[in-house]
Amino acid sequence: MTTLNAVEDAVLAASVVMILVAGALLLYRIWYGPSMLDRAVALDVAAALIIAGIGVKAAQDGDSFYFPVMLVLAFLGFTGSVGIARFIAVRDRPSVRADGTEDHR
């Protein structure tokens, strides 16, 4: 085992530890998030952490097989975030009364 391999293994191990710590903090934010928007952002970050984990696995194996999977997950995470943002934007939009004034609830 060369020094370069040892450094690579150490960096990959540190990456896994950071992803796991971020995942634990993410679960806390999803569970105790003060608002629905915080939870939505946390779910978007969860998709990014899954992609990062797959990237670490791809780097560890030295295989580019996982890159299309990462691309599809990134697309699904993006479309999910846009869908949640649109839902929250419609839900938080003030309604307009019949006399033309806005109803701020």
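Q: Which residues of α1 are called buried in this predicted model, and what makes them buried?
A: They are Leu-12, Ser-15, Ile-19, Gly-23 and Leu-26. Buried means under 20% relative accessible area, so each of these residues falls below that cut-off.

Q: What do the buried residues of α1 pack against?
A: They pack against α2.

Q: How do you know that Ile-19 takes part in that packing?
A: Ile-19 is found in helix α1. Leaving aside its neighbours within four places in sequence, Ile-19 is in contact with Leu-49, Ala-52, Gly-53 and Val-56. Contact means heavy atoms within 4.5 Å, so Ile-19 has heavy atoms that close to each of those four.

Q: And what is Leu-49 in contact with, leaving aside its neighbours within four places in sequence?
A: Ile-19 turns up again, along with Ala-22, Gly-23 and Leu-26.

Q: Why is the largest set of this kind called a nonpolar core?
A: Its 7 residues are Leu-12, Ile-19, Leu-26, Ala-42, Ala-46, Leu-49 and Val-56. A nonpolar core needs buried residues of types such as Ala, Val, Leu and Ile, joined through side-chain atoms within 4.5 Å, so the name fits. Helices α1 (3-32) and α2 (36-61) each supply at least two of its residues, and the largest share, 4 residues, comes from α2.

Q: How do you know that the span of α1 agrees with its number of residues?
A: At 1.5 Å a residue, its 30 residues should span 44 Å, and the end C-alpha atoms are 43 Å apart, so the two agree.

Q: What makes Val-17, Val-21 and Leu-25 a surface patch?
A: Patch residues need over 30% relative accessible area, and nonpolar side chains are joined within 5 Å, so these three meet that test. Together they have about 280 Å² of accessible area.

Methods: Residues numbered from 1 in each chain as written. Predicted model: local features only at pLDDT ≥ 70, side-chain atom pairs only at ≥ 80, totals over all residues. Heavy atoms only, no water. Buried < 20%, exposed > 50% of the residue type's maximum accessible area, 1.4 Å probe, protein only. Expected span 1.5 Å × (residues − 1). Patch = residues over 30% accessible without salt bridge, like charges linked within 9 Å, V, L, I, M, F, W, Y side chains within 5 Å. Areas by Shrake-Rupley, 256 points an atom, 1.4 Å probe, with all protein chains shown as cover. Salt bridge = Lys/Arg side-chain N within 4 Å of Asp/Glu carboxyl O.
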